[in-house]
Amino acid sequence: FGDANPVGQTVTMFNGLDPNWLATVIGVVEDFHVSWKRSKAPLLYTSAQQERRISEMTFYVRNRPGYSLNEKNIRDLIRREAPSLPAYDVQAMSSRMENFASGERAMTLLSSVFAALALIIAAIGIYGVVSYTSSLRTMEFGVRMSVGARQSDIFLLVIREAALLIGSGLLFALPLTCLGLWLIRTQLYGMTFYQPFIYAGSILVLMFFSALAAFIPARRATRMNVQVALRHY
């Protein structure tokens, strides 16, 4: 209705089954979210007496703390208070929410599995790159150690290059992460573009596994036989 007062305006109601009918707006509720997903679709409330089909109605029962409420209690209550009202599809709110979120939960689990696989592949890739480059520099490491370099120096050299590799990857990954988060933030309620804890946690996890992957070839480089390395040189 634009800037006009919606109260008193007429809207056309339809449910796809019954003929369309006119209804008058008698009130406006504050903004809310149907679920954790953002939803911009309009939602109309009608009184129980005006509802054309009982299948469109949902009743919620709140029990007292410490009182056990089950399906039999609900049916007995409806039978006592409203004998003509049929009761079907009686579920606990926890069960209903679990069923309602089953699709999102499955998608979250699938995304987590793919993320874990991506992390494993990244760690294997870092291990392979660092191990391969270290093997190519065996003679160099031998020369360094023969002129006084300690094992710790060789270890730090390999780790430093692995850290440069990891840092370069993070520089490319962070903008893509921000872009992905910007794309999905409209699908998840409460998700904003600024998520420092998510960024920090993801970076720490990636750096931990990457450092673990780089540790093995770095440790191997420090245990080389200097004489063998110089003989190849």
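Two helices count as roughly parallel when the angle between them is under 35 degrees, roughly antiparallel when it is over 145, roughly perpendicular from 65 to 115, and oblique for the rest. The model here is predicted, so local features need pLDDT of at least 70 and side-chain atom pairs count only at pLDDT 80 or more, while totals for chains, interfaces and linings use all residues. Residue numbers start from 1 along each chain as its sequence is written, and side-chain values use heavy atoms, leaving out hydrogens and water.

Start with the α5 and α6 pair (helices are DSSP runs of H or I, at least four residues, numbered from the N terminus). Their axes, lines fitted to C-alpha atoms over the stretch in contact with angles from 0 to 180 degrees between N-to-C directions, come within 9 Å and cross at roughly 155°. α5 and α6 are therefore roughly antiparallel to each other. Contact (heavy atoms within 4.5 Å) involves residues including I154, V158 and I166 of α5 and S210 and A221 of α6.

Now the largest nonpolar core: buried Ala, Val, Leu, Ile, Met, Phe, Trp, Tyr and Cys residues joined through side-chain atoms within 4.5 Å. This core has 16 residues, with I126, V130, F141, I154, V158 and A221 making the most contacts inside it. These helices each supply at least two residues:

| Helix | Residues |
|---|---|
| α3 | 102–136 |
| α5 | 151–184 |
| α6 | 196–222 |

α4 does too, but the largest share, seven residues, comes from α5.

In α4 (residues 138–146), F141, G142 and M145 are buried, meaning under 20% relative accessible area with a 1.4 Å probe, protein chains only (exposed is over 50%, partly exposed in between).
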